[in-house]
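Trainee: I would like to learn how to read pockets in a model. Can we work through one case?

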Amino acid sequence: MKITDWIMSFAAPGVFALTAVAVSAFGIDIFTTISKYLGVLALGFGIQLFIVFPIFLKIFSKVPVLMLYAAIAEAMMVAFGTASSSAT
């Protein structure tokens, strides 16, 4: 996890730099497009988390939904934060 933490220390400045380049190239209207995209992503993640996972757990296993979410919470946050499944 030390390597992941080290790499993540560069994430905020890197995202800021990429955002600055995008705004300078496309103008401030880029935020409207990005906001729509992020909204669609959030909707998809919500559907998967609150509809698809519970249905599959009910059909294929006896594991309670909250128990699964508690067990995978840390790994999911790291994987989402680094956009990498190798962190898990």
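Mentor: Begin with a small list: Val15, Leu18 and Thr19 line the second largest pocket. Keep in mind that this is a predicted model.

Trainee: How is empty space found in general, and how much space lies in the second largest pocket?

Mentor: Rolling a probe the size of a water molecule over the atoms shows where empty space is left. In this structure, the second largest pocket holds about 150 Å³ of space.

Trainee: How much space lies in the largest pocket?

Mentor: About 380 Å³.

Trainee: Which residues line the largest pocket?

Mentor: The lining consists of Phe45, Gln48, Leu49, Phe53, Tyr69, Ile72, Ala73, Met76, Met77, Ala79 and Phe80.

Trainee: Which helices each supply at least two residues of that lining?

Mentor: Helix 3, residues 30-60, and helix 4, residues 65-82, each do so. Helix 4 gives the largest share, with 7 residues.

Trainee: How do the lining residues of the largest pocket divide into nonpolar, polar and charged?

Mentor: There are 10 nonpolar residues and 1 polar residue, with no charged residue in the lining of the largest pocket.

Trainee: Turning to Phe50, where is that residue found, and is Phe50 buried or exposed?

Mentor: Phe50 belongs to helix 3. Exposed means a relative accessible area over 50%. Phe50 has a relative accessible area of 59%, so Phe50 is exposed.

Trainee: What separates the C-alpha atoms of Phe50 and Val65?

Mentor: The separation is 9.4 Å, for two residues that are 15 residues apart along the chain.

Key. Residues numbered from 1 in each chain as written. Predicted model: local features only at pLDDT ≥ 70, side-chain atom pairs only at ≥ 80, totals over all residues. Heavy atoms only, no water. 1 Å grid on protein atoms, 1.4 Å probe; cavity = no way out; pocket = protein on both sides within 12 Å on 5 of 7 lines; lining within 4 Å. Points joined across faces, edges and corners; volume = space filled by probe spheres on them. Helix = DSSP H or I, 4+ residues; strand = E, 2+ residues; numbered from the N terminus. Nonpolar A, V, L, I, M, F, W, Y, C, P; charged D, E, K, R; others polar. Buried < 20%, exposed > 50% of the residue type's maximum accessible area, 1.4 Å probe, protein only.
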